[in-house]
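Here are my notes on the model, as numbered points. Have the structure open while you read.

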Amino acid sequence: MQKILITIVCLILIVGSGSLASVSAQSNELKIGVIIPLSGPAAVIGHRMSCGFKLAAEQLNAKGGVLGKQIKLIEWDDMTEPERGVTGAKKLINTDKVWGLIGIFRSGVALAVAEVAAAEKTIYMDTNAASPDITALVKKDYNKYKYIFRNASMATNFQQTAVPFLTDITKAKNYFFIAENSKFSHDLFKATKETYDGLGIKCIGEAYVDQAASEFTGELSRIRYSKPDVVIASISTVAGIAFQKQYYDANMRIPHINLPSVVCAKEVLNELGNQGNYFTFVPFCWDVPITDKTVPFYEIFIKKFGYFPEGYSDVRGYDGLMILADGIKRAGTLEVEKVIKELEKTDFKGVAGRYVFDETHQSKWGEGYLRNVIVQWINGKAYVIWPKVFANATYIKDPR
Amino acid sequence: MEPSQIIQQIVQIVFSGIVVGGLYSLAAVGLTLILGVMRVINLAHGSFFMLGAFATYFALTQTKLNPILCLVTAVLVAVLVVFIIAIPIERLVIRRAKTDLMRVSVASFAVAMVLEEAVRIRWGKIYRTLPTYIPATTNFYGVAFDNQRLVASLFSLLIIIGLWLYIKKARFGMAMRMVQQDKEMASLLGINANLVNVMVFGLAGALAGAAASLLSPLYMIYPSMGWPILLKSFAIVILGGMGSVGGTIFASYIFGIVEIGTAFFFGSQWAYITVFLIMIVILLIRPKGFFGKDIF
């Protein structure tokens, strides 16, 4: 009898401690796994993404968190390598017990992590990676991949940002495309060619460079000899800085438009000095009143982090975490299935614009949703040249 | 395309390649000196290049000089800073590990990581750039030259000619050649081989620093900028012949032409593959490189 009583007490203690453990696990924290490049050529972008997430988490926590839980961000350096992304996702989910995943810069990494998120039934909010293949998974197999959402823009949207520069501003008949050698860039070129072929604007050359390249003489010679009306550049990593320097020094005099990259940041352009002159780029966000949240966000961000937001990695990171928090609040629970249903109904006014997800869980692009501006940098100042509603200058071609 | 345009493009590629190769040659010559005289592989060579770039950046952003003085100041500062840093590294790390080739390689790699991380912690968050000393381009019958690169490449050639004359004519240069040929005999003849080694190491670092001062206005300055140049320098040294200064210079120009030509016709993502494939072929056909001696 005594032995039976001791056994029952032991069993109660074991089960009880398990319950206590789960209670302590259901603590005041909502852990979110952040997968970003913190080293390597894309480290600058990872740092900006981190700033966006941190600001969002800070503001949410200051208002009591999400469903009474304080957000805790756990970062993992993917080094832009899919294997590291997968390792990190598994570690964050299984060891750190995060509720959801957010971030990722490289589409190759995002595609790999999407498989992990789907297998583990964990929501992943893609705030940066742009390959159409990511949200195409949701269409391909909704039940398996419904956990994937993207508030980042797609490659097709990236190339649409430059369209007004070619059609309205420079009235180009042809272009040369140069980008870093990545999946995103190849997807981007396909989308670019399709769009401009439809507009009767011909591609007369394409070139891909290593993401850590520093020598562009060959490419610049090729561009010079091709004589395009416009150069569309999408070198998103630090190689873009060297490219801009050498483009300017080589006196290319061909109008060029730069898709969002490391260069498209005030502190980088200030560092370039004269070599940043006439640099034209298409930030997804700028300190103009895109929504009533935009200008206050820029003021707070600059005060906190000491730099002017680049407008994509930081802003979409911020908005992505806010959208996730909003979805959880509307669901009123952390149950993943219920949160997914609410996220699908998202109509959220963020810093970059209005977020509404389509049937593939991709945030919509276009008038009334998310758009970009076109900015030109001259003598240390940024001038918005498009759209007209925000423009304070017109485009100036390099006069040298 | 008309024949005249094709000729123009080829001339552009060859001349641009020679100019670019001339810039790489300084860094590569430093590496070949270490390989030839000290018989070790220095994986910290790229970090010396990086230190030279940072030294150049801080020196020039504090002064306002005319372009030529800028160039001269940049080279002198970079040379001095890296030389002073390289000497204790040879004395405290390389010399102690020198009994074993693998140990030296690992030790030099560790030194490279320490230098890189130290710079990253202290200065690393922003990617720095320098303006070009000599802006604008020169157009010669349709072939365009970036003035900065042209002048920097000529400067690089002057430094190498000076180095060559020094090795050929100066007493220390002769001592270097004697240690390279037969270290034990040189010691028996009263030459302090350890002193020669430490000075060669410092000199190689100084050459990397000089290369950085000429190249950094063209590129960005950041803590891990040394690794691509280390890779290119190794390829050049192997092509030219380990320990052969003349071979290294020749291989630098070939490397530059192949790099620019590949980027022009196929895209720069093929440049490394092309260069290293050529290196493999050369190693199979002629293991000593174009002009080198079989050291290992």
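Into which domains is chain A divided?

1. Domain 1 of chain A takes in 25–153 + 291–356, and domain 2 of chain A covers 157–283 + 375–386; these bounds come from an automatic or database domain assignment. Before going on, a word on conventions: this is a predicted model, where local features need pLDDT of at least 70, side-chain atom pairs count only at pLDDT 80 or more, and totals for chains, interfaces and linings use all residues. Residues are numbered from 1 along each chain as its sequence is written, while chains are lettered from A and ligands numbered from 1 in the order in which they are written.

2. On how the two domains meet: their C-alpha centres lie 28 Å apart. Across the join, 16 residues of domain 1 of chain A are in contact with 18 residues of domain 2 of chain A (contact: C-beta atoms, placed from the backbone, within 7 Å). On the domain 1 side, helix H2 (43–62) and helix H4 (107–119) of chain A each supply at least two residues. That side of domain 1 of chain A splits into 9 nonpolar, 5 polar and 2 charged residues. For the classes, Ala, Val, Leu, Ile, Met, Phe, Trp, Tyr, Cys and Pro count as nonpolar, Asp, Glu, Lys and Arg as charged, and the others, Gly among them, as polar.

3. Chain A overall: I get 15 helices and 14 strands, taken as DSSP runs numbered from the N terminus (helices H or I, at least four residues; strands E, at least two). Its radius of gyration is 23 Å, which agrees with the value near 21 Å for a compact globule of 400 residues; the radius is taken over C-alpha atoms, and the globule rule is 2.2 Å times the number of residues to the power 0.38. Do look at the box too, roughly 100 × 35 × 35 Å along the principal axes for the C-alpha atoms of chain A. Of the contacts in chain A between residues at least 6 apart in sequence, 70% join residues at least 24 apart.

4. Next, the core. The largest nonpolar core holds 228 residues, and Val113(A), Val82(B) and Ala211(B) have the most contacts inside it. Such a core is a set of buried Ala, Val, Leu, Ile, Met, Phe, Trp, Tyr and Cys residues joined through C-beta atoms within 7 Å; buried means 20 or more other C-beta atoms within 10 Å of a residue's own, exposed 12 or fewer, and partly exposed in between, with C-beta atoms placed from the backbone. Both domains of chain A give residues to this core, so it lies between them. Beyond four places in sequence, the contacts of Val113(A) include Ile35(A), Val86(A), Leu101(A) and Tyr124(A).

5. As for the two chains, the contact takes 32 residues from chain A and 30 residues from chain B. H10(A) gives the most to the chain A side, with 7 residues. By class, that side of chain A has 13 nonpolar, 10 polar and 9 charged residues.

6. Finally, confidence. The model scores ipTM 0.79 and pTM 0.77. Chain B averages a pLDDT (the predictor's confidence in each residue, from 0 to 100) of 84, and 96% of the residues score at least 70. Within chain B, strand E2 (residues 143–146) is lowest at a mean of 77, and helix H9 (residues 226–240) is highest at 90.
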